[in-house]
Amino acid sequence: MLPLLLIGVGAAIPWGLMDDLAVSVVPKERAGMAVGIFATARVAGESIAIAVTGAVLLGFAQAGLVRAGKLAPDAVIATANGMVGGKLGEAALAAPSLGTGLLTQLYADAFSAAMLVLAAITLVAALIAIVFVRRHEVKDEDEADETRWR
């Protein structure tokens with residue numbers, strides 16, 4: 001229960017801060033539009049991140065299977081798909097010579113490697129955000145129009 005709580009809190013805290021940032025850089029009349037655009041971009045980004053995470057995990061699982069034994073390419077693909085898809089029984093059927101214990105260890109190794117890659121990506125993204133995101137003063141609509149037409 002504790003890991004799930006930490007994941008939820010860890011995901012929720014930045015969302016509120018990012019929503020605040022999205023709203024703080026536009027006039028008050030356009031706050032709803034800013035939040036809507038930001039929410040759409042966030043969901044699209046999360047979808048891409050999930051796909052990339054799955055691909056990275058699958059790649060590490062396949063690499064571990066190749067290192068672990070002499071499996072045919074089709075068996076490597078089927079076994080890795082089963083492991084990453086949470087179907088260890090199907091994975092074990094695709095590679096009976098490796099055994100469930102080894103497949104579990106290979107999955108754990110692949111998961112650890114994938115999480116390290118994602119942590120590195122997160123660190124780089126955080127550094128980029130620190131460098132490029134500045135707190136801007138919100139201008140009133142009239143003031144923004146005057147600045148726009150000068």
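This is a guided tour of a predicted model, moving from a pair of crossing helices to selected residues and then to a pocket.

Begin by selecting helix 3, residues 73-84, together with helix 5, residues 99-132, and turn the view until both axes can be followed; these axes come within 10 Å and cross at roughly 70°. Because angles of 65 to 115 degrees count as roughly perpendicular, helix 3 is described as roughly perpendicular to helix 5. To see where the two helices touch, show the side chains of Thr79, Met83 and Val84 in helix 3, which meet Leu103, Leu106 and Tyr107 in helix 5. By class, this contact of helix 3 with helix 5 has 5 nonpolar residues, 1 polar residue and no charged residues.

Stay in helix 3 and centre the view on Thr79. This residue has a relative accessible area of 0%, so Thr79 is buried. Beyond its neighbours within four places in sequence, Thr79 is in contact with Leu65, Ala91, Ala94, Ala95 and Leu103, and displaying those five residues as sticks shows what lies around Thr79.

Next select Val76, which also lies in helix 3 and which, at 8% relative accessibility, counts as buried. Again leaving aside the neighbours within four places in sequence, the contacts of Val76 are Gln62, Leu65, Val66 and Leu71. For one of these, Val66, a distance can be drawn in the viewer: its C-alpha atom is separated by 6.9 Å from that of Val76, although the two residues are 10 residues apart along the chain.

From there, move to Gly69, whose place is in the loop between helix 2 and helix 3. Gly69 is partly exposed, with a relative accessible area of 24%. If Ala95 is selected as well, the C-alpha to C-alpha distance between Gly69 and Ala95 is 9.5 Å, across a separation of 26 residues in sequence.

The last stop is the largest pocket, with a volume of about 850 Å³. A useful selection is Glu46, Ala49, Leu118, Thr122 and Ala125, which, of the 20 residues that line this pocket, are the closest to its centre. Which helices each supply at least two residues of the lining? Colouring by helix picks out helix 1 (2-24), helix 2 (31-68) and helix 5, with the largest share, 8 residues, coming from helix 2. Recolouring the lining of the largest pocket by class instead gives 14 nonpolar, 4 polar and 2 charged residues.

Conventions. Residues are numbered from 1 along each chain as its sequence is written. This is a predicted model: local features need pLDDT of at least 70, side-chain atom pairs count only at pLDDT 80 or more; totals for chains, interfaces and linings use all residues. Side-chain values use heavy atoms; hydrogens and water are left out. Axes are lines fitted to C-alpha atoms, for helices over the stretch in contact, and angles run from 0 to 180 degrees between N-to-C directions. Helices (H or I, at least four residues) and strands (E, at least two) are DSSP runs, numbered from the N terminus. Angles under 35 degrees count as roughly parallel, over 145 as roughly antiparallel, 65 to 115 as roughly perpendicular and the rest as oblique. Contact means heavy atoms within 4.5 Å. Ala, Val, Leu, Ile, Met, Phe, Trp, Tyr, Cys and Pro count as nonpolar, Asp, Glu, Lys and Arg as charged, and the others, Gly among them, as polar. On a 1 Å grid over the protein atoms alone, a cavity is a set of points where a 1.4 Å probe fits but cannot get out, and a pocket is an open set with protein on both sides within 12 Å along at least five of seven lines; lining residues have an atom within 4 Å of a point. Grid points are joined across faces, edges and corners, and a volume is the space filled by probe spheres set on the points. Buried means under 20% relative accessible area, exposed over 50%, partly exposed in between (1.4 Å probe, protein chains only).
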